[in-house]
Amino acid sequence: MAENIKLEVVTPEKYVVDEEVQIAVAPGVLGEFGVLIGHTPFLTTLKTGTVRFTDVNGTERFVFVSGGFAEALPDKVTVLAESAERRSDIDIERAQAAQERAQNRLAQEKAEDVDFVRAKAALERAINRIRLAGTK
Ligand code: ATP
């Protein structure tokens, strides 16, 4: 079997993942990409979505990421994100409340009181969290 590659998913608050993996797949702005050991170095911005990886035991794992970028090196993938949490740590009720808040903001009639870009980004995070948590 091929050698493993190191995966780090880091936010300003914490290390969410710091382990050897068989493969990591991340949501790049230009599309999803997979990284195996020996990958050509590159750097990309990520979409809000899911980083998935296969751990050393062959189990597939899922991590929500938002506001991030990834650096792939031949022996290591680093994801730096504004927020990230493992699927099992997603609080669905919190995400549902965030979704409702964002939807209400976007539906407000007095548009000048609403930061639409921010509300849309919050809605996207909430939807992605709910979707990922629901795939358990
Ligand atoms: P909220 O409005 O509920 O805070 P948000 O999308 O604005 O949601 P983020 O800014 O993405 O939150 O994240 C802030 C911190 O809270 C991060 O550490 C993130 O991992 C955590 N977090 C946010 N929402 C959830 C959730 N539904 N379940 C688990 N952790 C969450």
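How many helices and strands does the protein have? Color by secondary structure and count: two helices and seven strands. Keep in mind that this is a predicted model.

**Whole chain.** Start with the cartoon. Going along the sequence, the order reads β-β-β-β-β-β-β-α-α. Now show the C-alpha trace and align it to its principal axes. The span is about 60 × 30 × 25 Å.

**Domains.** Select 5-87 and give it one color; this is domain 1. Select 90-134 for domain 2. Each of these domains supplies at least three residues to the shell around the ligand.

**Ligand shell.** Select the ligand, then expand the selection to residues within 4 Å. There are 13 residues around the ligand. Which of them come nearest? Label Glu85, Asp91, Arg94, Arg101 and Arg125. Next, color the shell by residue class. Nine of its residues are charged, three are nonpolar and one is polar.

**Polar contacts.** Show side chains as sticks and step through three residues.

- Arg125: a side-chain N or O atom lies 2.6 Å from an oxygen atom of the ligand.
- Glu13: a polar atom of the side chain is 2.9 Å from a ligand oxygen.
- Lys14: here the distance from a polar side-chain atom to an oxygen of the ligand is 3.2 Å.

Switch to a surface view. On its own, the ligand has 590 Å² of accessible area, and the protein covers 74% of that.

**Pocket.** Hide the ligand and look at the space it leaves. That space is the largest pocket. Which elements give two or more residues to the shell around the ligand? Select 76-86 for β7, 92-107 for α1 and 116-133 for α2.

**Last view.** Bring the ligand back with Glu13, Lys14 and Arg125 as sticks. Each of the three has a polar side-chain atom by a ligand oxygen, at 2.9 Å for Glu13, 3.2 Å for Lys14 and 2.6 Å for Arg125.

Key. Residues are numbered from 1 along each chain as its sequence is written. This is a predicted model: local features need pLDDT of at least 70, side-chain atom pairs count only at pLDDT 80 or more; totals for chains, interfaces and linings use all residues. Side-chain values use heavy atoms; hydrogens and water are left out. A polar contact is a pair of N or O atoms within 3.5 Å; within protein, one must be able to donate a hydrogen and the other to accept it, and residues adjacent in sequence count only if both atoms are side-chain atoms. Accessible areas come from the Shrake-Rupley method with a 1.4 Å probe; for residues, only the protein chains shown count as cover. On a 1 Å grid over the protein atoms alone, a cavity is a set of points where a 1.4 Å probe fits but cannot get out, and a pocket is an open set with protein on both sides within 12 Å along at least five of seven lines; lining residues have an atom within 4 Å of a point. A molecule sits in a cavity or pocket if more than half of its atoms lie within 2 Å of its grid points. Helices (H or I, at least four residues) and strands (E, at least two) are DSSP runs, numbered from the N terminus. Ala, Val, Leu, Ile, Met, Phe, Trp, Tyr, Cys and Pro count as nonpolar, Asp, Glu, Lys and Arg as charged, and the others, Gly among them, as polar. Domain bounds come from an automatic or database domain assignment.
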